[in-house]
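Work through the exercises below with the model open. Try each task before reading its solution.

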Amino acid sequence: AKACEQFSEAAGNSLARCRVDVDFTVGDETYTLLKASTEYMQSFSSAISYLMIPGIMQERQKEMMRVSEAKVEWMEMGEEAADEDESITKRRQELMEILQSG
């Protein structure tokens, strides 16, 4: 990913392309080619995005922190009660949305 970023910087605004070839043929036969390439591309896509899009890593870290804090608050709230205050019910819904989006 770092090499692609450097290539992009060197190429400037030209129409140059960066091709990445990865050999997945070596390794455990039970670890399929598709599984290996899918996991690699997910990691590669994240890495190159973090390198080339300003601020995206910080945004992702903020989102991860938001989800972590929502998990903690959800657990601290305990079981839902039948006579629960409306504001608590609303907060539970907000937390659930955060957890489902994260």
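Four exercises follow, from the whole chain down to single residues.

This is a predicted model: local features need pLDDT of at least 70, side-chain atom pairs count only at pLDDT 80 or more, and totals for chains, interfaces and linings use all residues. Residues are numbered from 1 along each chain as its sequence is written, and side-chain values use heavy atoms, with hydrogens and water left out.

**Exercise 1. Overall form**

Task: Compare the radius of gyration of the protein chain with that of a compact globule of 102 residues.

Solution:
- Start with the rule: 2.2 Å times the number of residues to the power 0.38, with the radius taken over C-alpha atoms.
- For a compact globule of 102 residues this comes near 13 Å, but the protein chain has 21 Å.
- Next, take the box along the principal axes: the C-alpha atoms fill roughly 60 × 40 × 15 Å.
- Finally, check burial (under 20% relative accessible area, 1.4 Å probe, protein chains only). Of the 102 residues, 11% count as buried.

**Exercise 2. Helices**

Task: Count the helices and strands of the protein chain, then test the span of α3.

Solution:
- Helices are DSSP runs of H or I with at least four residues; strands are runs of E with at least two; numbering starts from the N terminus.
- The count is four helices and zero strands.
- Helix α3 covers residues 56-77, 22 residues in total.
- The expected span is 1.5 Å times one less than the number of residues. For α3 that gives 32 Å, and the model reaches 31 Å from first C-alpha to last.
- Gly78 follows α3, with a positive phi near 75 degrees.

**Exercise 3. Glu5 and a nonpolar patch**

Task: Is Glu5 buried or exposed, and which residues does Glu5 touch?

Solution:
- Locate Glu5 in helix α1, residues 2-11.
- Glu5 counts as buried because its relative accessibility is 10%.
- Apply the contact cut-off, heavy atoms within 4.5 Å. Leaving out residues up to four places away in sequence, Glu5 touches Leu51 and Met52.
- Leu51 and Met52 form a nonpolar surface patch with Ile53, about 240 Å² of accessible area together.
- Ile53 sits in the loop between α2 (33-52) and α3.

**Exercise 4. Gln93**

Task: Where does Gln93 lie, and how many Å apart are Gln93 and Gln58 in space?

Solution:
- Gln93 belongs to helix α4, residues 86-101.
- Its relative accessibility is 49%, so Gln93 counts as partly exposed.
- Gln93 and Gln58 are 35 residues apart in sequence and 26 Å apart C-alpha to C-alpha.

Methods. Buried means under 20% relative accessible area, exposed over 50%, partly exposed in between (1.4 Å probe, protein chains only). Patches are made of residues with over 30% relative accessible area and no salt bridge: like charges are joined within 9 Å, nonpolar side chains (Val, Leu, Ile, Met, Phe, Trp, Tyr) within 5 Å. Accessible areas come from the Shrake-Rupley method with a 1.4 Å probe; for residues, only the protein chains shown count as cover. A salt bridge is a side-chain nitrogen of Lys or Arg within 4 Å of a carboxyl oxygen of Asp or Glu.
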